[in-house]
Amino acid sequence: MSGKGNCYDNEGGETFFKTIKAELIWPHHWETRRQAEMAIFLYIKGFYDPHRRHSALGWKNPVAFERKVA
């Protein structure tokens with residue numbers, strides 16, 4: 001963490017929440033909170049974590065990155 005008032009402290013979290021809102025939350029409507037929770041869980045574990053390209057990995061997804069390293 002950096003000093004008080006540094007705009008980069010929350011950049012990673014803010015980017016993630018903007019992405020999940022734009023790709024999952026805003027385009028859909030769920031009848032129950034449980035349905036929304038499951039959709040968010042499946043989005044994170046099924047798409048965002050394993051398949052989405054990440055800048056920290058040279059714009060490769062984690063599955064491709066691990067295959068290349070192994």
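**Exercise 1. The loop residue N61**

Which residues is N61 in contact with, leaving aside its neighbours within four places in sequence?

*Solution.* Step one is to settle the term: a contact means heavy atoms within 4.5 Å. With that cut-off, and leaving aside the neighbours within four places in sequence, N61 is in contact with P50, H51, R52 and R53.

Before going on, note that this is a predicted model, in which local features need pLDDT of at least 70 and side-chain atom pairs count only at pLDDT 80 or more, while totals for chains, interfaces and linings use all residues. Residues are numbered from 1 along each chain as its sequence is written, and side-chain values use heavy atoms, with hydrogens and water left out.

Step two is to place the residue: N61 lies in the loop between α2 and α3, where helices (H or I, at least four residues) and strands (E, at least two) are DSSP runs numbered from the N terminus. Step three looks at polar contacts, which are pairs of N or O atoms within 3.5 Å; within protein, one atom must be able to donate a hydrogen and the other to accept it, and residues adjacent in sequence count only if both atoms are side-chain atoms. The side chain of N61 reaches the backbone nitrogen of A64 at 2.7 Å, and a polar atom of this side chain also lies 3.0 Å from the backbone nitrogen of V63.

**Exercise 2. H51, a partner of N61**

Is H51 buried, partly exposed or exposed?

*Solution.* First recall the scale, on which buried means under 20% relative accessible area, exposed over 50%, and partly exposed in between (1.4 Å probe, protein chains only). H51 has a relative accessibility of 44%, so it counts as partly exposed. Next, locate the residue: H51, like N61, is in the loop between α2 and α3. Leaving aside its neighbours within four places in sequence, H51 is in contact with G46, N61 and P62. Finally, compare positions along the chain and in space: H51 and V63 are 12 residues apart along the chain, and their C-alpha atoms are separated by 6.7 Å.

**Exercise 3. The helices and the buried residues**

How many helices and strands are there in the chain?

*Solution.* The count gives three helices and zero strands, and from the N terminus on the elements run α-α-α. Now turn to burial, for which buried residues make up 16% of the 70 residues in the chain. In helix α2, which spans residues 33–48, the buried residues are A36, A39, Y43 and Y48. These buried residues of α2 pack against α1, residues 11–25. On the α1 side, T19 is buried because its relative accessible area is 12%. Leaving aside its neighbours within four places in sequence, T19 is in contact with Y43, Y48 and R52, while its side chain reaches the backbone oxygen of T15 at 2.9 Å. By contrast, F47 of helix α2 counts as partly exposed, at 34% relative accessibility.

**Exercise 4. The largest pocket and W59**

Which residues line the largest pocket?

*Solution.* On a 1 Å grid over the protein atoms alone, a pocket is an open set of points where a 1.4 Å probe fits, with protein on both sides within 12 Å along at least five of seven lines, and lining residues have an atom within 4 Å of a point. The lining consists of G12, T15, F16, T19, Y48, R52, R53, H54, S55 and W59. The largest share of this lining, four residues, comes from α1.

One lining residue, W59, deserves its own step. W59 is found in the loop between α2 and α3 (62–69), and it counts as exposed because its relative accessibility is 57%. Most residues other than glycine have a negative phi. The phi of W59, however, is near 60°, a positive value in a residue other than glycine.
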